[in-house]
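Subject: Structure for you to look at, with notes

Dear colleague,

Here is the structure I said I would pass on, together with some notes to read beside it. Please have it open as you go through them.

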Amino acid sequence: MTAAAAEIENGLGTLAGTGKILRFQLRRSRLFLFWWIAGIAGFTWMVVPVITEQYQTEAERAGFAATMSSPAMLSMSGPVEYVHAYAESVGALFSHRMLLWTCAMTAVMFVLLVTRLTRADEETSRSEVIRSLPIGRRADLASALLVSVGAAVVLGGLLALAATGLDGGDGASPLLFGAAHTAVGIVFAGLTAIAAQLSENASTSTGYGLAALGASVLFAGAGNAEGNWATWLSPVGWSQLTYVYTPQERWWPLLVSLAVAVGSVLVAFAMVSRRDFGQGMMAARRGRATAKPGLKSATALTFRLTRGLIWTGVITLVLLGMAYGSVLGGADDFADGLSAAQKEILDRGGSDLKASFATTFISINAIVAALFGVLVVGRGRKEETVGRGELVAAAPVTRGGWPGSYLPAALFTATATNLVGGLGLAASGASGDGDLFGKIAIGTLVQLPAIWVLIAFVFAAFAWLPRAGWLRWLAWTWTLLVVYFGALLDLPEWAMAISPFDHLGNYPAEDFSAAALVVLTVIAAALAAFGHLGLRRRNLSFN
Amino acid sequence: MNAVIRTENLVKRFGHVTALDHLNLEVAQGETHGFLGPNGAGKSTTIRVLLGMLRSDEGRAELFGADPWKDAAELHRRLAYVPGDVALWPGLTGGETIDLLGRLRGGVDKGKRDELLERFDLDPRKKGRSYSKGNRQKVALVAAFAADVDLLLLDEPTSGLDPLMGAVFNECVKEAAAQGRTVLLSSHIMSEVEALCERVSIIRKGVIVETGSLAEMRHLSRSRLRATLKNPVRGLEDHEGVHDLVADGLDIDCTVDASALDDVLAQLAVAGVAGLTCEPPSLEQIFMRFYGDELAASGVHEGNGK
């Protein structure tokens, strides 16, 4: 037996060439890595001084702790143990507010990274060229995971540096803060490595990865709200359970992350050897020989192509609404345990506690629902960039039909997902309370004009500036920033006013302005018309 | 002449790049017109302007006498298009795609669709993502040939097909032509164009450098002449209609302008001819004449005649 054959025989051969692939992958993803790492670390670095400044004294932090210790707020932040340490530790306050979001962003980064380095290359046959070289079957996955581990460590290191300015912990606290993110990164790299083996195409692999993240956030939220075991089911939860910057600070929950990461990598490696190149573990099914009768227009095609996204949105919003609803149901018990002073802080505009929680949940539902509408518009752009739309554009279809039908599809998606989110919230949070049920229903409807403005803006951007895809994300991210961090970051009035959601009023905690709703609807209609005009005037460029 | 396609001084720029530079193309009703040029010469850009996807910067483009930018959707009722690089929806099967494209045009002739699926040997139940390049092209070809339209715009439609399917494609184009349809066939496969097209336009750097029937083009070009003579002939190398002359004893090999043929043959006859072949230029040779300088620049000897 020759040396090479022996090497292949004992299994090392499947990893041959990992080093070469590693250099290649690093080079190809250097911009991706740079922007994601700079984005997450930079955001953290900017927020540290803002929060330190805003909550300088113990009294301020204790007051803030009162507003944050409700189940509703805990479900959107982290375990209550942090809140108990607010007074003595700015770091605890910071970690409590930020960990869920920065860990979620980190997870998104690694889901996208591993998919693009593995399944995306295999799907487009780019890695076929590489596999024909003396490179092992597992080398690309191995090197993608090495890139991920490296990126996770660098990200963790930078976050640790960013967190050194926070008071309240001991010397190891910044390191633990960084390591909490590293752990989330490697867990999601491992989970995505499995997802990439299951399906033949990259978008499904990304979908599985993001679904795992969605479940993690839900479990963490549910567990943190009630202080129960559900947090232990969540990779994001494991990082939160380190109680970083609190007196109970501990490292060992990250061992759970490490074990799950190693376990999922082993599973993924086993799967690679059990499947054919280009195939998934789940075989592709044969489809229909003829189209269903309904598939006969460009609009029908658009709805067909975005069907999966619409269902993902509906399910996500129902779950989100119901999860928040369960928190809402427990709001009264929580209020009973508060002192009069704490109740006063929570008292928004003289309304009751439930109404003010409901207001927060309704606006979060609306922003997440709008995200799905924005994604639908993004699909329209993708039809153009990958050239699939060319066959439709050459058929007797006006520009209003294609790509114009992505506007109604996006409006439908955002509207429907927002409504089911409201329904889920009302059904699980206000069952037996007809008055609150009605208020949640109205509050959900009130969000619609703002959602429409955002979608119509994104559509107009697609029509006039098709290459500026970042504009879509900027618009959506801005509305998110204003809702979540607007008060926290002390954004100026005019900057908040750019977001259409800023004009809705806080119903049911406060009143809403009917005039604003009418104006927003008119703006949405004008933006939509402007978008259609742009679509008629521009070139369609397919590759 | 009743032109289905007509462009006058068509200009299309992408930033600093001029893709079409005063392009004049005319395709008469019922003809199968070859549109020749290498990659990047502007074939696909021309077709996309004719489809109303791209807006021209200068000049005019007409399809059935109307403006394709303004009346795109209406005009598309009368044509079918096969792109050079067919991208299919990953989640839709070939059959669903063919049906959808047919219905957008008003209806599917099921008999014709099934017959074409059979002839092109295409499995309609596979998902778009699992088709190879050739099979993706077949999906678009079946949809186009099944459509009851006046004009077929085919942009390098056979680049992924095997020779067997190439033959089926040639048959389908001939049938379409026999039914009186107009076909614009963009290609860089000369044999295909030679077999199918009566008229040809050669595009180079966004300009039509030659257009006409193949017979006319042959006439205007040089023929290759090889002869074995009985006695040496003199003065042939000085004749201005004779090129690339190689004389090896009594064997001569040269290319001759069409206009000089009778004169040269008369001189050869005087010397006495033992054997003689005279070939008209192939389309490839005509084509290479227009691209000779580019070939020379890339280090390839000019292909004309040799």
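Which residue in β6(B) is the bridge partner of Y81(B)? The partner is L153(B), and since this is a predicted model, please take that pairing, like everything below, as computed from predicted coordinates.

I start with chain B and the strand that holds L153(B). Strand β6(B), residues 151–155, pairs with β5(B), residues 79–82, in the parallel sense over four bridges. It is also joined to β7(B), residues 182–187, by five bridges, again with the two strands running parallel, and here L154(B) stands opposite L185(B). To get from β6(B) to β7(B) the chain passes through helix α6(B), residues 163–178, and the resulting β-α-β crossover is right-handed. As for cover, five of the five residues of β6(B) are buried; L151(B), L153(B) and D155(B) point one way from the strand, while L152(B) and L154(B) point the other way.

Elsewhere in chain B there is an antiparallel pair, in which β1(B), residues 3–14, and β2(B), residues 17–28, are joined by nine bridges. One of the paired positions is K12(B), whose bridge partner in β2(B) is L20(B). The two strands form a hairpin with two residues between them, and G15(B), which lies in the turn, has a positive phi of about 60°.

Taken as a whole, chain B has 10 helices and 13 strands, and its C-alpha atoms fill a box of roughly 70 × 45 × 40 Å along the principal axes. Of its 306 residues, 53% are buried, and 68% of its contacts with a separation of 6 or more are between residues 24 or more positions apart. The exposed area of chain B is about 13300 Å², of which carbon and sulfur atoms supply 48%.

Turning to chain A, you will find 25 helices and zero strands. Its C-alpha trace spans about 85 × 65 × 40 Å along the principal axes, and its radius of gyration is 25 Å, which agrees with the value near 24 Å that a compact globule of 543 residues would have. Buried residues come to 54% of the chain, and pairs 24 or more positions apart account for 78% of the contacts with a separation of 6 or more. Chain A exposes about 22600 Å², with 66% of that area supplied by carbon and sulfur atoms.

Within chain A, one helix that may be worth following by eye is α3(A), residues 30–54, which has 25 residues and reaches 36 Å from its first C-alpha to its last, close to the 36 Å expected at 1.5 Å a residue. Its buried residues include F32(A), L33(A), I37(A), I40(A) and V47(A), and among the elements that cover the buried residues of this helix are α2(A), α7(A), α10(A) and α11(A).

Three single residues of chain A are also listed here with their surroundings. Y245(A) sits in the loop between α13(A), residues 235–240, and α14(A), residues 253–273. With a relative accessible area of 1%, Y245(A) falls under the 20% cut-off and therefore counts as buried. Although Y245(A) and S95(A) are 150 residues apart in sequence, their C-alpha atoms are 7.5 Å apart in space. Leaving out residues up to four places away in sequence, Y245(A) touches S95(A) itself and others including S89(A), A163(A), D167(A), P174(A) and F177(A).

R97(A) belongs to helix α7(A), and its relative accessible area of 13% is also under 20%, so R97(A) is classed as buried. Not counting residues up to four places away in sequence, R97(A) touches F64(A), M68(A), Y86(A), Y484(A) and L488(A).

S257(A), in turn, is found in helix α14(A) and is buried, with a relative accessible area of 1%. Its contacts, apart from neighbours within four places in sequence, are with A183(A), V187(A) and W238(A).

With best regards

Notes
Residues numbered from 1 in each chain as written. Chains lettered and ligands numbered in written order. Predicted model: local features only at pLDDT ≥ 70, side-chain atom pairs only at ≥ 80, totals over all residues. Heavy atoms only, no water. Buried < 20%, exposed > 50% of the residue type's maximum accessible area, 1.4 Å probe, protein only. Pairing = 2+ DSSP bridges. Right-handed = clockwise from strand over helix to strand, strands pointing away. Rg over C-alpha atoms; globule rule 2.2 N^0.38 Å. Contact = heavy atoms within 4.5 Å. Areas by Shrake-Rupley, 256 points an atom, 1.4 Å probe, with all protein chains shown as cover. Expected span 1.5 Å × (residues − 1).
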